[in-house]
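Colleague: Please take me closely through one part of this model, starting where the nucleic acid meets the protein and then moving on to the helix packing.

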Amino acid sequence: MSLNAEQKRAVAHRGSSLLVLAGAGTGKTRVITHRVAALIEDGVEPWRILAVTFTNKAAGEMRERVHDLGHEMGISTDGLWVGTFHATCARILRRYGEAVGLSRSFTIYDATDQRTLMNRVLKELDYSTSMFPTAQVLGYVDRAKNRGIGPASVSQLDLEEPLHTVVSRAYARYQERLRAADAADFGDLLNLTLEVLRNETASRGQLAREDEAGQLAHRFQHVVVDEYQDTNAVQAELVDRLATRAELCVVGDDDQAIYGWRGADVAQILGFSARHEDCEIIRLEQNYRSTGHVLSCADGIIAANHRRHGKTLWTDADDGPPIRVCRFDDQRDEAAAVVSEIVRHLDDGVDPEEMVVFFRTNAQSRPFEEALREVGVGYRVLGGMRFFDRQEIKDLVAYLRLLDTPTSDLDLERAINRPARGIGQKSVDALRRLAASESQSLHWALGELDRAELGAAARKRVAAFADLLARLRQDCEGLALPDVARVVLEASGYWEALGPNSDIEAASRRDNLDEFINALAEFTAAQPEATLSDYLDTIALASSEDDADARQVVTLMTIHAGKGLEFDHVYVTGMEEGVFPHVRSLDDPTAMDEERRLAYVAVTRSRRYLTFSYVGRRFMFGQEQVNRPSRFLRDLPSKGVVRFGERSRGSAAATRRATVGANPAVDVEPAWDADIELDEGASGSGEEGQALYIGMNMRHPKFGVGDVVSWSGVGDHLKLTVDFARYGRKTILARFCVPA
DNA sequence: ACATGTTCCCTTTTT
DNA sequence: GGGAACATGT
């Protein structure tokens with residue numbers, strides 16, 4: 001497939017900044033990869049090109065595709081910078097970070113580390129975490145960091161008084177602790193890089209011309225940013241500054257902005273052209289991914305949103321099979337139905353990788369996991385607990401980080417009593433007091449044990465731990481990373497303390513540790529020069545998507561995790577008010593718009609087959625809840641959408657009575673998983689473009705008016721079982737009926 | 001100091 | 001239904 005005219009323009013444009021508004025499935029990634037390859041072909045050195053993606057996975061794919069393209073063209077792409085904002089910043093800070101207070105081997109704190117640290121800070125400040133929950137305070141700190149607001153400027157957040165003081169003091173202390181531990185959290189990666197760039201600008205006047213080449217702001221000649229709609233204010237400034245001397249090309253789709261909760265601001269893409277002189281705007285509207293019916297569903301959903309650039313996707317493709325909306329009684333039914341259809345598709349030779357089950361929140365995955373396990377179908381769950389968040393992995397990583405960054409108190413506190421060696425909270429407190437009295441790290445305190453207020457026994461145990469650390473540092477000098485891990489597990493007694501392998505728990509932990517060491521080995525093999533810091537960066541910045549394995553399996557994931565992917569068969573489950581849209585968005589119009597965009601993203605993942613499902617009752621919070629069908633289902637067009645298991649009137653019980661005992665010639669249950677979805681001719685349903693549902697009124701020329709009870713078959717062969725008012729129950733061909 | 005029990009949140013979505 | 005902070009008993 002070659003590029004269309006618009007895509008070509010986007011690839012070839014030079015001389016000013018460029019905004020590419022690319023709807024879902026319009027070949028955005030193709031444009032970016034081709035553009036990068038074309039730049040290199042034009043003679044731009046790869047190391048002077050920066051491509052920023054949203055996820056690590058997207059970065060990996062882009063690297064690969066550019067490399068392949070380059071290979072075809074006979075050019076080398078070595079040295080090209082491709083990465084997420086955070087990975088790119090980490091890389092920059094490893095090199096330029098000393099100016100902003102980070103050593104070369106600084107540690108990246110992930111969400112879990114952040115929470116632990118903030119928890120500690122709140123305790124130190126004597127704030128009750130029941131009145132000021134850690135997550136809440138951290139949430140404000142995060143919000144501040146997303147907007148580039150430092151601890152001194154927290155007032156910009158407009159918080160009420162008790163909270164304002166708490167947040168600003170906690171934020172300040174939190175930052176102190178981070179710097180003291182030689183650590184940076186996600187927000188810091190962005191903000192500190194920005195600081196590096198600002199410092200450069202400030203000192204530029206004093207530089208000789210020849211020194212400017214070493215300047216970060218002057219390094220890049222071209223900067224390309226993907227998913228620009230999901231950038232926050234800090235990232236936008238970062239991009240602008242990194243592109244001081246570069247041509248900037250940003251690509252995005254305001255309709256797919258789904259990270260507002262993380263500080264992303266659609267204003268960045270909406271206002272991009274105003275902020276950049278001579279900005280060229282190119283729209284990509286031809287969709288190459290989905291069928292007509294899928295696209296009209298997408299359009300129906302997104303059309304209700306305000307504040308859009310506004311664009312209409314179109315396609316040359318056929319309408320495709322009808323889109324299905326299915327109601328089930330509960331989650332088990334929903335999962336069983338979806339899974340049994342997946343099994344049928346597998347039997348028909350459908351590639352498991354082409355089927356995906358989407359849900360709004362991670363908690364919804366379990367029924368699907370259980371159903372899949374029951375039938376023995378391989379699956380992976382994206383977005384659940386990260387591999388690297390498992391306790392045993394965190395423990396090992398704590399040791400590894402400690403070897404790298406001794407001042408990381410968080411890691412020391414974790415490692416000091418793992419495995420349990422009788423060093424409890426009290427002993428740690430004593431160490432902390434000692435460290436605090438000299439504004440030093442806990443690691444320093446280990447060397448001053450006689451000054452700590454410890455009992456003799458405790459002192460001995462702590463001293464033993466200090467010895468262990470020292471010994472580890474010596475023994476691991478010069479060892480390959482996987483061996484370092486092995487030595488740590490052995491010397492610390494961790495491996496042994498897990499207990500016998502007959503304990504399933506212990507065996508699984510050992511498996512995970514082995515897997516981790518394998519990953520370390522692979523990493524070392526792929527990048528022999530890489531340091532422990534490099535690997536730990538990869539871990540800290542990895543999401544659960546990144547530890548997806550390569551098996552051929554069905555995927556279960558949140559819609560957020562599905563962004564940028566496409567599948568032949570898409571199941572969007574849990575389409576209920578309070579689930580999707582999420583309960584916390586119900587009374588917030590801005591949040592609701594984002595939910596809607598999320599629904600749009602879900603729909604546009606499908607190439608051809610798209611099924612929505614919802615349930616009558618659902619277990620949430622360990623309690624049964626009854627939710628109404630999602631409002632998004634109401635926004636679907638009636639043409640090309642078939643509804644199953646729904647009813648227009650009467651109770652659910654009445655529907656059941658009506659469906660049970662139907663004419664044995666047809667399927668008794670609403671045939672939601674009949675072959676309709678695989679039949680190309682089955683667009684629409686009973687009547688042209690009219691949704692079909694149980695209880696629907698139909699008129700037949702001879703029998704008069706009646707209620708639909710069930711149906712089977714497709715297209716011209718679609719048969720309805722109808723309870724006629726005067727003639728009783730009949731099974732007839734749908735094409736002889738019209739909706740009454 | 002630790003193991004076990006209890007009660008309390010909470011919960012979107014992720015780099 | 002589950003994890004984490006807290007409480008109690010050994």
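Modeller: Happy to! Around DNA strand C you will find Asn 119, Lys 123, Arg 366, Phe 621 and Gly 622; a residue is listed as near the strand if one of its heavy atoms lies within 4 Å of it. Of the DNA strand C atoms that come within 4 Å of the protein, 54% belong to sugar and phosphate. Before going further, two notes on conventions. This is a predicted model, in which local features need pLDDT of at least 70 and side-chain atom pairs count only at pLDDT 80 or more, while totals for chains, interfaces and linings use all residues. Residues are numbered from 1 along each chain as its sequence is written, chains are lettered from A and ligands numbered from 1 in the order in which they are written, and side-chain values use heavy atoms, with hydrogens and water left out.

Back at the DNA, the surface near strand C has one nonpolar, two polar and two charged residues (Ala, Val, Leu, Ile, Met, Phe, Trp, Tyr, Cys and Pro count as nonpolar, Asp, Glu, Lys and Arg as charged, and the others, Gly among them, as polar). Two side chains make polar contacts there, meaning pairs of N or O atoms within 3.5 Å. Asn 119 places a polar side-chain atom 3.3 Å from a phosphate oxygen of DNA strand C. For Arg 366, an N or O atom of the side chain is 3.1 Å from a sugar or linking oxygen of that strand.

Now to helix 19, residues 456-475; helices here are DSSP runs of H or I with at least four residues, and strands are runs of E with at least two, numbered from the N terminus. Its 20 residues should span 28 Å at 1.5 Å a residue, and the end C-alpha atoms are 28 Å apart, which agrees (the expected span is 1.5 Å times one less than the number of residues). The buried residues in helix 19 are Ala 458, Val 462, Phe 465, Ala 466, Leu 468, Leu 469 and Leu 472, where buried means under 20% relative accessible area, exposed over 50% and partly exposed in between, with a 1.4 Å probe and protein chains only. Seen down the axis, these buried residues fall within an arc of 150 degrees, so they line one face of helix 19; the arc is taken over the directions from the helix axis to the C-beta atoms. An α-helix has 3.6 residues a turn, so residues three or four places apart point the same way. Turned away from that buried side, helix 19 carries the exposed residues Ala 456, Lys 460 and Gln 474.

What does the buried face meet? The buried residues of helix 19 pack against helix 15 (391-404), helix 16 (409-415), helix 17 (425-437), helix 18 (442-446) and helix 20 (481-491), with contact meaning heavy atoms within 4.5 Å. Leu 431 gives a view from the other side: Leu 431 lies in helix 17 and is buried, at a relative accessible area of 1%. Beyond four places away in sequence, Leu 431 touches Ile 416, Leu 442, Ala 445, Leu 446, Leu 449 and Val 462.

The neighbouring loops are worth a look too. Ser 441 sits in the loop between helix 17 and helix 18 and is buried, with a relative accessible area of 10%. With residues up to four places away left out, Ser 441 touches Thr 407, Asp 409 and Ala 435. In the loop between helix 16 and helix 17 lies Pro 419, joined to Arg 418 by a cis peptide bond with omega about 0 degrees.

Definitions and conventions. A polar contact is a pair of N or O atoms within 3.5 Å; within protein, one must be able to donate a hydrogen and the other to accept it, and residues adjacent in sequence count only if both atoms are side-chain atoms.
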